[in-house]
Amino acid sequence: MAQFRMTMDQADALEYGLRKVNGITDVKVNDRTGNAVIRYDGERDDVIRALAEFDYETAGPAPEKSGRALMHEYEEQVIFHVMKRVFTRLFLPIPIRHALVPLKAIRYILPGIRSVLSGSIDVSVLDAVSITVSLVRKDYDTPSSVMFLLGLSEILEEWTHKKSVDDLARSMALNVDKVWLVTDDGTEVAVPVQDVESGEKIHIRTGSVIPLDGTVVSGDAAVNQSSLTGESLPVAKSSGAYVYAGTVIEEGDIVIEVKSASGSGRYDRIVQMIEESQKLESESEVKAALLADRLVPYSLAATALTWLITRNAERAVAVLMVDYSCALKLCMPIAVLSAMRQASADGIRVKGGKFLDAVADAETIVFDKTGTLTASRPKVAKIVTFGGNDETEVLRLAACLEEHFPHSIANAVVEEAAARGIEHDEMHSNVEYVVAHGIVSHVGRRRVLIGSYHFVFEDEKCRVPEGETDRFNAIEEEYSHLYLSIGKKLAAVICIEDPIREESAEVIRALNAKGINTVMMTGDSDRTAQSVAKKLGTMRVYSEVLPEDKANFIKSEKQAGRKVLMIGDGVNDTPALADADAAIAVSTGAAIAREIADITITEENLEKLLVLRDIAEQLQKRIRFNYRVIAGFNSGLILLGVFGILPPATAAYLHNFSTLALSLYSMTDLPAGKNEPHGFAAQPA
């Protein structure tokens, strides 16, 4: 860019602006050099034109945090820390350097004293003792080097942690395009969310994400706030209650008055939730932290024993300078957070390390059918009308009802109406969504229903018009069916073509090859479910199930001692998602499914499930490797110290450098995910 200096805000604006240009697939902007690297698969002239027309003032700021400021902050911290060490060693006289060491040591000694006074013997005690003993021996170089490496380790650990949390928080950004704006005369109009201003009213229904902060002015709803607060149970919201952007309505519908047009504050609330949540700690991290603290007394005892046997203080101090705890506490969290970051780069959002454990150990994976194993964009194959109803009119009415609720089948109806050029202005009264059943509304004085066979015929007792039973029975079972009833009489059956995802069969075969039990659970008829299962390969099939049936199955599997994953995309999947050891949602599914899920596949490709499994398994291998290296290398250093081969300063250097090296290794990408061909997953574990 032809400018002397580029600010971070300008770099973010440029990157965001270019990403919106058709044909541009990726943009990386370096604010320090003022350069942009652009990948594109469209016309070069279009990219050149976009650059020529770009203007910072008209582009405005990027809508979310980019992580650029965080990167700059920690890069500068590392550089300053290293340069300070170089300056001290090269330019300060030795007496001044030695005088500064005890002052710097205070920040490491005091935490150790506090731990001892509280009755705890942990890593801080070991650091304090090793530094104090060196100072007592008037060995200033050793503690100086130890403190430098400890400080560098702290910066790298904090940087990696915050970077991973930042990536995770930004990946949880809202994915809402339009909202239902309530006008002054009470009608509802679908408008882009960015056009909504503070003080305006929007209508939000079951299964939808609340896109903006606001106050409830009418209606009642149970709101899932787990994405912000970590609460697993929904919170009741009624008139006067405040609701937050990013939370989801599990049941009910509300009208809110918008208070924050930008939804500001959501990012900070997500970061706070992630930081405070125990979800970030995997079992591996917890075990490493506990083991690190438990090993401290043994390190102190080994030091004392070495001195008692050898009566050589230098050998004892050499043993003291080496411990297992620092590496355990540093490398394991970094490995887990780096794996989460790698998954994010592969289009997989993981909310916490313990869910990677669940994926690695999973023995049963339960799939919803529609929108998960089948295409995320099903299509209307045909419409069979009854009772003399016109096909265009029944589609108009169906689209009018379905456009209020986020589900792949509902989207198919709305898209078919749009493809036929059918406009469907609001023609009904308030709509009610009955989870896993359908929609209820009124047109004039007539009650209108659209939904499943069970809902329309068994619950609501609707009937097929006289003389049309044979036509009804002749409808092909290969399709998924939506039943539209007006005034207790069937008006139409909308046949949904729900093609199987191209990769589904390969994914099922690969999972079976790994010894995982695959299960499909669907509300469709048994005939339709079995037809899909035959194309997918070996898997257990449960058809005509309700949401509670899915949840009960998962509970029974867990009671049998098996780790269970649940993959779904609809409102009706949320009870099962909540009960699974790890809940996985696809990005095209209902907002509530994505918010409740522990893991979200952000691309329309089930092969990402194999990538996720491989990342989780490779993470476990890395953690086991880290344990072996920490135990083997540090044990070797201790033995060399006991026999007097390594002096304390050398032992400290080698120990801390090995910890840093292993930490840097733990930051690298695992040999899995985007760098591996998908064929890896077809091999047995």
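A cavity is a set of grid points where a 1.4 Å probe fits but cannot get out, and its lining residues have an atom within 4 Å of a point. This briefing applies that idea to a predicted model. Across the whole structure, a search finds 5 cavities of 30 Å³ or more. The two described below are the largest cavity, with a volume of about 80 Å³, and the second largest, with about 70 Å³ of space.

**Largest cavity**

- The residues that line the largest cavity are Arg 85, Thr 88, Arg 89, Arg 97, His 98, Leu 100, Val 101, Lys 104, Tyr 140, Asp 141 and Ser 144.
- Three helices each supply at least two residues of this lining: H4 (68-91), H5 (94-117) and H7 (141-171).
- Helix H5 gives the largest share of the lining, 5 residues.
- By residue class, the lining of the largest cavity holds 5 charged, 3 polar and 3 nonpolar residues.

**Second largest cavity**

- Asp 127, Ser 130, Val 146, Leu 150, Leu 320, Met 321, Asp 323, Cys 326, His 655 and Asn 656 form the lining of the second largest cavity.
- At least two of these lining residues come from each of helix H6 (123-136), H7 and helix H25 (648-667).
- The lining of the second largest cavity divides into 5 nonpolar, 3 polar and 2 charged residues.

**Helix H7 in both linings**

- Helix H7 (141-171) supplies at least two residues to the lining of the largest cavity, and H7 also supplies at least two to that of the second largest.

Note on methods:
Residues are numbered from 1 along each chain as its sequence is written. This is a predicted model: local features need pLDDT of at least 70, side-chain atom pairs count only at pLDDT 80 or more; totals for chains, interfaces and linings use all residues. Side-chain values use heavy atoms; hydrogens and water are left out. On a 1 Å grid over the protein atoms alone, a cavity is a set of points where a 1.4 Å probe fits but cannot get out, and a pocket is an open set with protein on both sides within 12 Å along at least five of seven lines; lining residues have an atom within 4 Å of a point. Grid points are joined across faces, edges and corners, and a volume is the space filled by probe spheres set on the points. Helices (H or I, at least four residues) and strands (E, at least two) are DSSP runs, numbered from the N terminus. Ala, Val, Leu, Ile, Met, Phe, Trp, Tyr, Cys and Pro count as nonpolar, Asp, Glu, Lys and Arg as charged, and the others, Gly among them, as polar.
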